[in-house]
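Biologist: I should be grateful for a close look at one part of this structure, namely the surroundings of a bound ligand. Please begin there and then place that part in its wider setting.

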Amino acid sequence: MLSAYKRLFPALVFAALVFAPVAVFSSRIVSREISFFYALAWAVFAGGVAFASFYTGRVSFFRRIFFSVSALAFLVHFKFNLFSKVFDSSCFKDTPYCHIAIAPSFLNYLYLQYLALMSGGWAVWGPLSLVFVWLFATLIIGRAWCSWACFYGGIDDGLSALPKKALLKTEKWGFKLRDFPAALLIFLLLVSFANMLPVYCLWLCPFKMTGSFLDTDYALIRNIQYGLMVLALAVLFLGPLLTKKRTFCSFLCPFGAWQAFWGKLNPFRISVNALKCTGCQACVEACPMYAIESEPGSKAEISSYCNLCGECLKACAAGGINYSVLGFRMPYITEGFGKLLNPESFLVFSALTLGATFASLWAPAAMGDIVKLIR
Amino acid sequence: MAALFSEGFLLGLSTGAYCLASCLPVLAPYLLAGGGLSWKINFLIFIEFLAGRFIAYTLFALVAVSLGKASGPYLPQRALAAGMVVTALFMFYFLFSGRLKKHAPCLASLPAAWAEKRIPFLLGFLTGINICPPFAAGLLRLMGLADALKGLAYFGGFFTSTSLFLLPALTPTPFLGSRLKRIGRMTLFLAALWYLFLGLKGLISLP
Ligand code: SF4
Ligand code: SF4
């Protein structure tokens, strides 16, 4: 009975805390298109993940399951119809606004807002819409967006977990190229603004496989765009399988660089306890984001590219890595309801609730698609 | 004169976003990659870039005034496309000249060595010859003035206010550490590829 009180009940409370808001938001999102039960099923799944990660303490393991399932649902619902009409989505046919497009087209967005404001077009002037949503998500989970909510990240992350060992060792050049997304972001901000076009979506986004967005005037340009997309697809799907790293997120995503900068607004951090760190470098190898820099024998340092996935926590045999709030070390409560007060619990609650609510735009609908297909 | 200066200034203020769009993709990556920690150095680069742009504009204005028609000085499309290719080549040259010289020391004495020092000026000049809509509007007004001094006052106002729009490019430069410079070099590389592509596309697709 005592053990149930210490482990089971707090985990159940935690699961309920995640389940309730996801059920409410998810059912509101889907109810106009499909049965409420799909929303409920999705909320049960999110609650189940919350329970399992709290009960077992294996945050990253269950996070990865949730994250990959969410990304797979995105593929099932929005992209499988490219292969056959059988997979046509039954509802929510348009992809939701892509968060990745926010970053490289931000100047365009600001300029359009400015024009709307100047012309008195108050109705079009909406800094409190899209930017507000992004700012809200950033304040709540910051960089953790990239390990709990993004549909590209879920694919990259899930695939990077599949191989037992990396076939390609990438540390040598990986760290050198790690700042490339920041350069890509600056470049895209400037050229998107100069051309008033979403240049990233046109040229690099791996999911833009429909052709409708492509420049149809010149065959050469279309072919280059296809070529770049195939390259990006390879980095998204093959890269993680060969390297055991999240190659797309680490080298090609401008939003990742954007969140690395703005993510500092969010208080959650991964912190290394200098007293416990032995410099063994196990975490450097385990981090799929090239976000830990350390020379052999010296203390590990977490860079702003960390997206709080938690992989390094389980890799550190000395237990020297923790979730923290603004880097402050607090005693870690291992049992009872006090465990709900650990920074880790706050992060998992915020990230899972937000990630599951965002995924309500496609995950319940994907379940609907699968049920329809089976029938 | 003051009235003409402020007229040009106001035209620049209302259309400066265009300047931002056409010059920033060249200036900002260069400042990141080639700037220094001292604000003075970066400001000098900035001024040199503006000087290149100013000279290109003045040349156009002069030709326009002497021809007496605003449509006269436009460069043929092919020359503009070639200008983009040259812009890209200068960017590449800036990025790789160090390595080139290591392998072929004789390169250091070529005229290219002069070009390397004056890259901000050349980039400013090359973006200046790519006439943007606000400048074309300014040229039309210039035609009506038919007086060099008045034209200069008007044009000076226009140039000053449009240059203000480019000032944000200086913002990140006080933080230029080796990491930001590395990011700047990669950005410049991407910008060079982009201009090379646009230029070649222009050259190939033109009849
Ligand atoms: S880095 Fe980009 S692709 Fe990866 S998870 Fe973040 S937003 Fe998604
Ligand atoms: S440092 Fe740790 S938590 Fe951050 S991305 Fe790397 S493995 Fe994940």
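**The surroundings of ligand 2, and beyond**

Modeller: Ligand 2 is surrounded by A:Ile270, A:Cys287, A:Pro288, A:Met289, A:Ile292, A:Cys306, A:Asn307, A:Leu308, A:Cys309, A:Gly310, A:Glu311 and A:Cys312. This is a predicted model, and the description should be read with that in mind. By class, nine residues of the shell around ligand 2 are nonpolar, two are polar and one is charged.

Chain A also holds the residues around ligand 1. These are A:His99, A:Ile100, A:Cys146, A:Cys150, A:Tyr152, A:Gly153, A:Arg246, A:Phe248, A:Cys249, A:Cys253, A:Phe255 and A:Gly256. In the shell around ligand 1, eight residues are nonpolar, three are polar and one is charged. Four helices of chain A each contribute at least two residues to the shell around ligand 1: helix 4 (99–102), helix 8 (151–160), helix 13 (247–251) and helix 14 (254–262).

Elsewhere in chain A, two helices pack against each other. The axes of helix 3 (residues 59–79) of chain A and helix 18 (residues 363–374) of chain A cross at roughly 60° and come within 8 Å. Helix 3 of chain A is therefore oblique to helix 18 of chain A. The crossing of helix 3 of chain A past helix 18 of chain A is left-handed. On the side of helix 3 of chain A, the residues that meet helix 18 of chain A are A:Ala73, A:Val76 and A:His77. Their partners in helix 18 of chain A are A:Ala363, A:Ala365, A:Ala366, A:Asp369 and A:Ile370. This contact of helix 3 with helix 18 of chain A has six nonpolar residues, one polar and one charged.

The next part to consider is the meeting of the two chains. Chain A gives 21 residues to the contact and chain B gives 19. About 1,900 Å² is buried between chain B and chain A, and carbon and sulfur atoms give 80% of this area. In chain B, the residues that lose the most area to chain A are B:Met186, B:Leu190 and B:Trp194, which together make up 30% of what that side buries.

Within chain B, helix 1 (residues 2–34) packs with helix 8 (residues 178–205) at an angle of about 145°, and their axes are 7 Å apart. Helix 1 of chain B passes helix 8 of chain B in a crossing that is left-handed. Among the residues that meet here are B:Pro25, B:Val26 and B:Tyr30 of helix 1 and B:Leu180, B:Leu188 and B:Tyr195 of helix 8, in chain B. By class, this contact of helix 1 with helix 8 of chain B has ten nonpolar, four polar and two charged residues.

Helix 1 of chain B also packs with helix 7 (residues 148–166) of chain B, at an angle of about 45° and with the axes 6 Å apart. These two helices of chain B, helix 1 and helix 7, are therefore oblique to each other. Helix 1 of chain B passes helix 7 of chain B in a right-handed crossing. Their contact in chain B has 17 nonpolar, nine polar and two charged residues.

Key: Residues are numbered from 1 along each chain as its sequence is written. Chains are lettered from A and ligands numbered from 1 in the order in which they are written. This is a predicted model: local features need pLDDT of at least 70, side-chain atom pairs count only at pLDDT 80 or more; totals for chains, interfaces and linings use all residues. Side-chain values use heavy atoms; hydrogens and water are left out. A residue is near a molecule or strand if one of its heavy atoms lies within 4 Å of it. Ala, Val, Leu, Ile, Met, Phe, Trp, Tyr, Cys and Pro count as nonpolar, Asp, Glu, Lys and Arg as charged, and the others, Gly among them, as polar. Axes are lines fitted to C-alpha atoms, for helices over the stretch in contact, and angles run from 0 to 180 degrees between N-to-C directions. Angles under 35 degrees count as roughly parallel, over 145 as roughly antiparallel, 65 to 115 as roughly perpendicular and the rest as oblique. A crossing is left-handed if the near helix is turned anticlockwise from the far one by less than a right angle, and right-handed if clockwise. Contact means heavy atoms within 4.5 Å. Buried area is the accessible area (1.4 Å probe) that two parts lose on being put together, summed over both.
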